[in-house]
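Here is a walk through one protein fold, starting at a single residue and working outwards. Keep the structure open beside the text as you read.

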Amino acid sequence: MSEPVRVLIADDHPVFRDGLASLLGTQADVTVVATAADGAEAVALAAEHRPDVVVMDLQMPEMNGIDATRRLAETQPDVRVLVFTMGEEDGTVLAAMRAGARGYLVKGASQEEVARAISTVHAGGLVFGASLALRIADLLSGSATPDRTAFPQLTEREVEILDLIAAGRNNSQIASALYLAPKTVRNNVSNILAKLQATDRAEAIIRARDAGLGGA
């Protein structure tokens, strides 16, 4: 008989976090090894408990779920991340997958769907909620080919923001999609324009689309 999948749950809402832990605790093939209230705690507890799968909310204090997912991908690549959150905007889904998430579910999924997703992600597969299934192939195929090396002067975060700018997103939408403060987005946009020596946002969009960005 195979060992239960070791799961860490990261969510800043204690009622949801504890409720999910209790539900998963009834599954014979799942063991909840720890719970975290924010992204930074999730990364630290993952290093301590070595879970197989982290069930990750995105909008959390200290460190959001996308940044925590990226940190786990860098420091603990064997840990699989299953995003379980409220939003399903295209930009948010793409940001999570680019950060290294292996699955994406929207809260409201059934206990059986969550358990099945954990098993699939643990086995090395990709999984998306039913509401995303029809869109995800187009989203990923549209984001798989941009020439990100065209802007070596930009940081990874700045390229991510430029991609969303090229997709026609305004600063408020970018902040929402990437779980960043509006001021952080404004500062990044200013840095991008300066580094590209672009006179305005429209010029940056043209250059970004010429490089294949903006598929989101």
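Two residues are in contact here when heavy atoms of theirs lie within 4.5 Å. Bear in mind that this is a predicted model.

**Starting from V83**

Let's begin with V83, which sits in strand β4. Is V83 buried or exposed? With a relative accessibility of 0%, V83 counts as buried. Leaving out residues up to four places away in sequence, V83 touches M56, L58, A96, A101, G103, Y104 and L105. As for I66, 17 residues from V83 along the chain, the C-alpha atoms of the two are separated by 8.9 Å.

**The sheet**

Zooming out, the protein has 10 helices and 6 strands. The sheet is an open one of 6 strands, in the order β2-β1-β3-β4-β5-β6, and the pairing is parallel. At the edges stand β2 (30–36) and β6; each has a single partner strand, so one side of each is left without a neighbour in the sheet.

Here are three of the strand pairings, with the bridges that join them.

| Strand pair | Bridges and sense |
|---|---|
| β1 and β2 | 6 bridges, parallel |
| β1 and β3 | 4 bridges, parallel |
| β3 and β4 | 4 bridges, parallel |

If you'd like to trace these pairings residue by residue, V7 has V32 in β2 as its bridge partner. I9 is partnered by V55 in β3, and V55 in turn has L82 in β4 as a bridge partner.

What about the two faces of β3? In a regular strand the side chains alternate between the two faces of the sheet. For β3, V53 and V55 are buried on one side, while V54 and M56 are buried on the other, so both faces are covered.

**Helix α5**

Next up is helix α5 (residues 111–122), which has 12 residues. At 1.5 Å a residue they should span 16 Å, and the end C-alpha atoms are 17 Å apart, which agrees. Which residues of α5 are buried? They are V114, A115, A117, I118 and V121. These buried residues cover an arc of only 160° around the axis, which puts them on the same side of α5. The face turned away from that buried side carries the exposed residues E112 and R116.

The cover over the buried residues of α5 includes the strands β1 (5–10), β3 (53–56), β4, β5 (103–106) and β6 (127–128), along with helix α1. Just after α5 comes G124, with a positive phi of about 100°.

**Helix α9**

Helix α9 (residues 182–196) can be read in the same way. Its 15 residues reach 21 Å from first C-alpha to last, close to the 21 Å expected at 1.5 Å a residue. Its buried residues are V185, N188, V189, I192 and L196. Why do they line one face of the helix? Seen down the axis of α9, the buried residues fall within an arc of 105°, so they line one face. The general point behind this is that an α-helix has 3.6 residues a turn, so residues three or four places apart point the same way.

On the face of α9 turned away from its buried side you'll find the exposed residues K183 and A194. What covers the buried residues of α9 includes other helices: α7 (156–166), α8 (171–178) and α10 (201–210). After α9 comes Q197, whose phi is positive, near 55°.

**An aromatic pair and a lysine**

How many aromatic pairs does the structure hold? There is 1. F16 and F84 form a tilted pair, 5.6 Å centre to centre with 50° between the planes. The pair links distant parts of the chain, with F16 in helix α1 (residues 14–25), F84 in strand β4 (residues 80–85) and their positions 68 residues apart.

F16 is partly exposed, at a relative accessible area of 28%, whereas F84 is buried, at 4%. F16 also has a charge over its ring: the charged end of K107 sits there, 4.2 Å from the ring centre.

**The whole chain**

To finish, two totals. Buried residues make up 48% of the 216 residues in the protein. Of the contacts with a separation of 6 or more, 66% are between residues 24 or more positions apart.

Definitions and conventions. Residues numbered from 1 in each chain as written. Predicted model: local features only at pLDDT ≥ 70, side-chain atom pairs only at ≥ 80, totals over all residues. Heavy atoms only, no water. Expected span 1.5 Å × (residues − 1). Buried < 20%, exposed > 50% of the residue type's maximum accessible area, 1.4 Å probe, protein only. Arc of directions from axis to C-beta. Phe/Tyr/Trp six-rings, centres within 6.5 Å; stacked < 30°, edge-to-face > 60°. Lys NZ or Arg CZ within 6 Å of the ring centre and 35° of its normal. Pairing = 2+ DSSP bridges.
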